Amino acid sequence: MKTARTRRRGFSLVEVLVALAIVSTLMVSVLGALQASFDGYKVANESAASHVVARMVTHRVSSMVRTGTDFGPFPANAIRTPVLVPDPPRIEFATGIDAATGLTEVVKLERRAAPTEVIDAGGAPFELWYVRSLVGPSGVVGTPLEQPLLTDVQSLRFTMYYEPGPRLDRLTMDLIIRPPEMEDAAVAAGLDSPSFRFFTTVSPRRQD
């Protein structure tokens, strides 16, 4: 009596290749979805960080203006044309007396061009700079302190509203920032290039 043997048939080469093709397609799709998810997370994370920094700078500028005096630049005729939009954007004002030297502290906020390498890499063209000087009867004493308050500035506009005279009534700041890291991640994720606009109006305190 012959014993029946069951023949086991393995996968053919064609079946293995088809399975590999299907697995490869699925892996590519999964990796693409993961990369898109990562890019979206990066956009959201950079967006939140940049938004917080810009808002802090806006609050700081508002605080300095609120307590400042002797604002400039002045209109050519503060009675006929009391509204001034400095070009390039800049404002200057006194913040008090330095306790160590007895000299007047003068702060200037101005827009400056970003470094060439930043612009060439697709970054925003401007920066907002803080300049603090000590001023005496004969002019600036010593070396001013200079530092950037905010980078990645797409546009900046100061509008100064003077009373009929040398006193500043209010100041508006219109600021747009566009961090390059966010733009790169947004392009990779297929999202719109993100930017933020901050608009604030502040009036100096009366010091009659």
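Let's start at Thr200, a residue that is buried in this predicted model. Its relative accessible area is 17%, and the cut-off for calling a residue buried is under 20%, so Thr200 falls on the buried side. You will find Thr200 in strand S8, which covers residues 196-202. Which residues does Thr200 touch, once neighbours within four places in sequence are left aside? The contacts are Thr58, Ser62, Leu171, Thr172 and Met173.

Several of those names lead us to the next strand. Leu171, Thr172 and Met173 are contacts of Thr200, and strand S7 spans residues 168-177. S7 and S8 pair in the antiparallel sense, with 7 bridges between them. One place to see this pairing is Leu171, whose bridge partner in S8 is Val202. How many of the 10 residues of S7 are buried? The count is 7, and S7 is described as mostly covered.

S7 has a partner in S6 as well: 9 bridges join these two strands, which run antiparallel. If you look at Ser155, you can follow one bridge across to Ile176 in S7. S6 and S7 form a hairpin with 5 residues between the strands. In that hairpin, Gly165 takes a positive phi near 155 degrees.

Now let's step back to the chain as a whole. Its secondary structure consists of 3 helices and 8 strands. Following the sequence, you meet them in the pattern α-β-β-β-β-α-β-β-β-α-β. The chain has 208 residues, and 33% of them count as buried. Its accessible surface is about 13400 Å², with 57% of that belonging to carbon and sulfur atoms. Take the contacts between residues at least 6 apart in sequence: 55% of these join residues at least 24 apart.

Val83 gives you an example of distant parts of the chain meeting. This residue lies in strand S2. Is Val83 buried or partly exposed? Val83 is partly exposed, because its relative accessible area is 44%. Not counting residues up to four places away in sequence, Val83 touches Thr159, Met160 and Tyr161. Val83 and Thr159 are 76 residues apart along the chain, yet their C-alpha atoms are separated by 7.1 Å.

Next come the aromatic rings. A pair of such rings is described by two things, the distance of the centres and the angle of the planes. The whole structure holds 2 aromatic pairs. One of them is formed by Phe71 and Phe93, a tilted pair with 5.2 Å from centre to centre and 35 degrees between the planes. Phe71 belongs to strand S1 (residues 69-72) and Phe93 to strand S3 (residues 90-97), so this pair ties together parts that are 22 residues apart in sequence. Both Phe71 and Phe93 are buried.

Phe74 and Tyr162 also form a tilted pair, at 5.9 Å centre to centre and with 50 degrees between the planes. Phe74 sits in the loop between S1 and strand S2, while Tyr162 is in strand S6, and the two are 88 residues apart. Tyr162 is buried, with a relative accessible area of 5%.

To finish, look for two arginines placed over rings. Arg60 lies over the face of Tyr130, 5.1 Å from the ring centre. In the case of Arg111, the charged end sits over the ring of Phe126, at 4.0 Å from its centre.

Terms used. Residues are numbered from 1 along each chain as its sequence is written. This is a predicted model: local features need pLDDT of at least 70, side-chain atom pairs count only at pLDDT 80 or more; totals for chains, interfaces and linings use all residues. Side-chain values use heavy atoms; hydrogens and water are left out. Helices (H or I, at least four residues) and strands (E, at least two) are DSSP runs, numbered from the N terminus. Buried means under 20% relative accessible area, exposed over 50%, partly exposed in between (1.4 Å probe, protein chains only). Contact means heavy atoms within 4.5 Å. Accessible areas come from the Shrake-Rupley method with a 1.4 Å probe; for residues, only the protein chains shown count as cover. Rings of Phe, Tyr and Trp (its six-membered ring) pair if their centres lie within 6.5 Å; planes under 30 degrees apart count as stacked, over 60 as edge-to-face and the rest as tilted. A charge sits over a ring if NZ of Lys or CZ of Arg is within 6 Å of the ring centre and within 35 degrees of the ring normal. Two strands pair if DSSP finds at least two bridges between them.
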